[in-house]
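The following questions and answers introduce one protein structure to a reader who has not met it before. Please keep the sequence and the model in view while reading.

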Amino acid sequence: MSYPYQLKSYEEYKQAWQHSVTDPEGFWANVADHFYWRRKWDRVLEWNFKDPSVKWFLGAKVNITENCLDRHLGTLGNQPAIIWEPNDPEERHRVITYRDLYNKVCQFANVLKNNGVKKGDRVCIYMGMIPELAIAVLACARIGAIHSVVFGGFSAQSIADRIQDAQCSLVITCDGAFRGAKDIPLKAVIDDALMACPTVKKVIVCTRTRTPVSMLKGRDVWWEDEIKAVETQGNPPCPAEEMDAEDELFILYTSGSTGKPKGVVHTCGGYMVYANYTFVNTFQYKQGEVFFCTADIGWITGHSYIVYGPLSAGATTLMFEGVPTYPDAGRFWDIVDKYRVNTLYTAPTAIRSLMGFGLGPVNHKDLSSLTKLGSVGEPINEEAWHWYKDNIGKGRAPIADTWWQTETGGIMITTLAGVTPEKPGYATLPMPGIQPVLVDEQGKEIEGNGVSGNLCIKFPWPGMLRTTYGDHERCRTNYFATYENLYFTGDGCLRDEEGFYRITGRVDDVLNVSGHRIGTAEVENAINMHAGVVESAVVGYPHDIKGQGIYAYVILENLSKDPELTRKDIMQTVSRIIGPIAKPDRIQFVSGLPKTRSGKIMRRILRKIAENEMDNLGDTSTLLDPGVVDEIKRGRL
Ligand code: ATP
Ligand code: MG
């Protein structure tokens, strides 16, 4: 497959971006022309940010799975679509070609139909990272059912909340999941969750861990038995359901870093075009390369860059069941070596944790196949950026620091690997089609370079959210009501003298110290540069003189013998790197930080603790390890 819309030089990028601003409809129509539509659009775009109402490719008919599967069969049928690496390196890996994947998706789509699933029904998917998860996702899309994937690590309560919110009628799960040394009993968790979910009529259970499970008569069926039933029916084909471009494709809940998770809704046509366009351009994918995104499909990164982006581009996507530190901290590098991975796309939290193990696990691994690197999820601090660049990319591979959100569907601001410039700590430049603006508190646009403000987007793009499920008003107030006629991202941002963008953290987290606006990421970045610091998180708290003081939670490699001196040293480092204004007022040493299950620091909890509002911590259901919070509370300064 070739990608006529893949930008090959900085010059081409600049032209494309300009074109996308002067003629957005023409720009996106040109890209969309390279997909398979049952019927093309009557109009490219209709929108207003007031309601909000955004529609792309109006009147077009499409099925995303025909773009991910059917259209590749002629030329790429025998190409690996998915390479699957199991949790246990001793277990056999699997290679699924495009033809295999097509057959399996059709088969399982028929299973869903046999179990009563129809177009528009919501299906909750709660599985580990096995190929059947991707198959389940695509099978839903094949028949027009709306999937809601819930990360296979959430508690029964969190799943129940999501199932109720979306009114799902069917759940697809596994007996259990392997993650590192752990064995998670998924079906047992689902059983607990379903006690509060009367809308669920059927549960399909795929075998993975052979953990004993209870199967409820009339409700629970085995994946394998259902496949046999379809085989007995003679494996009938499963024609793709014809979807309107604006029909809902999936619901996905945000990570919950800033509050109760939101059920973000994406639609068929625009999401498909945007996931594909951003994949092909950010990572400069070339036919035959192996692309390894380490995210879980339970997050938007997995949706867009393990499943839909790569498969719609006929790429080979590597899916890894386990965790970066199992059986040891060299696992990612073993995988890169074993499959000659060309692109690695991971998160700063993983990089920082692997940095902590030193170079032992990296040395003697052949990483020469890697030509492109990616980062997503949080601002990447400079130390981690350089470690990644030097030791993993061997100084050669460009890093795409990709800023985006569940709500944006795909990458928004990034370096196009090897094509546009990179700069440590900077997401750099907007994707063609994306018009970022910085605004002040009143919503007034801050023009020019060398400025910072709240990051908004002023024009729609095909991959943007259309609503929050079942509650359009929430979508409006969350994203479109803060500033008139703008999509508000919730993130703070700096645009440097050259026009490059740097995300400085959530707006709620931007500190205002004696009238100076300082991003939490800036201060953390400086603290992390101090020798012996593993990770840190910074929040503001009320301060009589400064308005806001800076409270830092810091993890050290080794317990400090003289904490007072170490505090002063850290302050000295921050003072030298940013300036005395950014010196933390309080530094608390901790052994861990509260993180979401996608690895992000929940600063809102740390802020409450710093503000001494310990009884009012808000929604903590997406927290990875609640025990950390108690320890931090006890050690509060
Ligand atoms: P919630 O919206 O429920 O609070 P969340 O914002 O963590 O959760 P996601 O959609 O998974 O949910 O994360 C998007 C956010 O992650 C962005 O708004 C931004 O704050 C951060 N982020 C993602 N990528 C980057 C990046 N490359 N640089 C800086 N920040 C990033
Ligand atoms: Mg968010």
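Q: What area do domain 1 and domain 2 bury between them?
A: This is a predicted model, in which local features need pLDDT of at least 70 and side-chain atom pairs count only at pLDDT 80 or more, while totals for chains, interfaces and linings use all residues. Residues are numbered from 1 along each chain as its sequence is written, chains are lettered from A and ligands numbered from 1 in the order in which they are written, and side-chain values use heavy atoms, with hydrogens and water left out. Buried area is the accessible area (1.4 Å probe) that two parts lose on being put together, summed over both; 46% of the area here lies on carbon and sulfur atoms. Between domain 1 and domain 2 the buried area is about 1800 Å².

Q: Which three residues supply 23% of the area that domain 1 buries against domain 2?
A: The domain bounds, which come from an automatic or database domain assignment, are 10-493 for domain 1 and 514-635 for domain 2. No other three residues supply more of the area that domain 1 buries against domain 2. They are Ser 255, Ser 257 and Arg 352.

Q: How many residues of domain 2 are in contact with domain 1?
A: The centres of the two domains, taken over C-alpha atoms, are separated by 31 Å. Contact means heavy atoms within 4.5 Å. On the side of domain 1, 23 residues take part, and on the side of domain 2 the number is 20.

Q: Which residue meets Arg 352 in a salt bridge?
A: A salt bridge is a side-chain nitrogen of Lys or Arg within 4 Å of a carboxyl oxygen of Asp or Glu. The rule finds one across the interface of domain 1 and domain 2. In the salt bridge of Arg 352, N and O are 3.0 Å apart. The partner of Arg 352 is Glu 535.

Q: Which elements give two or more residues to the side of domain 1 that touches domain 2?
A: Eight residue pairs, both members at pLDDT 80 or more, are in polar contact between the domains; such a contact is a pair of N or O atoms within 3.5 Å, where within protein one must be able to donate a hydrogen and the other to accept it, and residues adjacent in sequence count only if both atoms are side-chain atoms. Helices (H or I, at least four residues) and strands (E, at least two) are DSSP runs, numbered from the N terminus. The elements asked for are helix H7 (156-166), helix H13 (348-355) and helix H14 (382-392).

Q: Is Phe 292 buried or exposed?
A: Phe 292 has its place in strand S16 (residues 290-293). Beyond four places in sequence, its contacts include Leu 318, Phe 320 and Phe 332. Buried means under 20% relative accessible area, exposed over 50%, and partly exposed in between (1.4 Å probe, protein chains only). Because its relative accessibility is 0%, Phe 292 counts as buried.

Q: Why does the pair of Lys 119 and Asp 247 tie together parts that are apart in sequence, and how many residues apart are they?
A: The side chains of Lys 119 and Asp 247 meet in a salt bridge of 3.6 Å, N to O. Lys 119 lies in the loop between helix H5 (98-114) and strand S6 (122-126), and Asp 247 in the loop between strand S13 (243-244) and strand S14 (248-253). Lys 119 is partly exposed at 40%, as is Asp 247 at 24%. The pair therefore ties together parts whose separation in sequence is 128 residues.

Q: Which backbone nitrogen lies 2.7 Å from a polar atom of the side chain of Asp 296?
A: Asp 296 lies in the loop between S16 and helix H11 (300-312). With a relative accessible area of 10%, Asp 296 is buried. The nitrogen in question belongs to Gly 298.

Q: Where does Met 129 lie?
A: Met 129 is buried, with a relative accessible area of 4%. Leaving aside neighbours within four places in sequence, Met 129 is in contact with residues including Trp 84, Asp 296 and Phe 320. Its location is the loop between S6 and helix H6 (131-143).
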